[in-house]
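Biologist: I should like to learn how to read individual residues in a model. Please take me through some cases, giving the general idea before each.

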Amino acid sequence: GRCFWHADVDQKRAEDLRIHRADDPERLDGAVLRGTEVEETVSFVECSLTGAVFDEVTFPDADFRGAMLEFAQFQGASLKSAEFPEANLYNAEFPEANLSNAEFPEANISNTEFTDANLSNAEFPSADLYSAEFSDANLRNAKFPHADLYSADFSDANLSNADFSHASLRSAMFPGANLYHAEFPEAN
């Protein structure tokens with residue numbers, strides 16, 4: 001009795017996702033999408049996904065850009081173990097979202113906000129995190145190999161056991177951050 005987006009069904013078909021996704025911004029608050037691999041490029045530009053559950057979903061090349069609107073938020077969304085290879089998350093907002101074990105290889109995460117988000121065990125290999133906001137985020141055991149963190153803000157973030165191997169940290173800010181056992185081999 002629920003629409004495609006809100007039906008609590010695992011592994012929705014990528015073809016159905018494409019059919020049910022409008023080209024325009026839409027309110028997909030509370031949408032449920034678990035264990036699905038989105039094979040086509042899908043745009044979620046300026047969509048509202050507050051409280052959405054996208055656990056274990058793979059979004060290769062997906063577009064999650066947000067505008068400076070209230071509506072480009074994933075407030076409290078669950079994206080545990082989601083994968084965003086080469087996705088565009090520019091200007092998106094994930095306040096209080098659960099992104100534990102998420103992977104962002106080569107993703108554009110510039111100007112993205114992760115305030116109070118759970119990013120424990122998340123991986124950002126070769127991601128562009130220019131001016132990303134991680135204040136008060138849980139980044140315990142996160143990995144940033146070869147990531148560009150220019151002007152990223154980690155104020156009061158938990159970065160215990162984080163790995164910044166070969167990362168570019170120019171102008172990155174860490175005031176009040178927990179850096180217990182964080183590693184910075186060959187970071188610059």
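Biologist: Is Asn111 buried, partly exposed or exposed?

Modeller: Buried means under 20% relative accessible area, exposed over 50%, and partly exposed in between, with a 1.4 Å probe and protein chains only. Asn111 has 29% relative accessibility and therefore counts as partly exposed. This is a predicted model, in which local features need pLDDT of at least 70 and side-chain atom pairs pLDDT 80 or more, while totals for chains, interfaces and linings use all residues. Residues are numbered from 1 along each chain as its sequence is written, and side-chain values use heavy atoms, leaving out hydrogens and water.

Biologist: Where does Asn111 lie?

Modeller: Helices are DSSP runs of H or I with at least four residues, numbered from the N terminus. Asn111 lies in the segment after helix 1, a helix that covers 14-20. Glu83 has its place in that segment too, and so has His146.

Biologist: What is notable about the phi of Asn111?

Modeller: Most residues other than glycine have a negative phi. Asn111, although not a glycine, has a positive phi of about 60°. His146 is likewise not a glycine and has a positive phi of about 60°. Because its relative accessibility is 48%, His146 counts as partly exposed.

Biologist: Why does Ile109 count as buried?

Modeller: Ile109 counts as buried because its relative accessibility is 0%. Ile109 is found in the segment after helix 1. From C-alpha to C-alpha, Ile109 and Leu99 are 14 Å apart in space, with their positions 10 residues apart in sequence. Ser100, in the segment after helix 1, counts as buried at 9% relative accessibility. Glu83, by contrast, counts as partly exposed, since its value is 30%.

Biologist: How many salt bridges does a search of the whole structure find?

Modeller: A salt bridge is a side-chain nitrogen of Lys or Arg within 4 Å of a carboxyl oxygen of Asp or Glu. The search finds six. One of them joins Arg13 to Asp16, with the closest N and O atoms 3.1 Å apart; Arg13 is partly exposed, with a relative accessible area of 48%. Another links the side chains of Arg21 and Glu26 at 2.6 Å, N to O, and both Arg21 and Glu26 are buried.

Biologist: Which side chain does Arg27 meet in a salt bridge?

Modeller: Arg27 meets Asp29, at 2.6 Å from N to O. Asp8, Asp10 and Arg34 are joined into one network by salt bridges that share partners. Arg27 itself is exposed, with a relative accessible area of 56%, whereas Asp29 counts as partly exposed at 25%.

Terms used
Helices (H or I, at least four residues) and strands (E, at least two) are DSSP runs, numbered from the N terminus.
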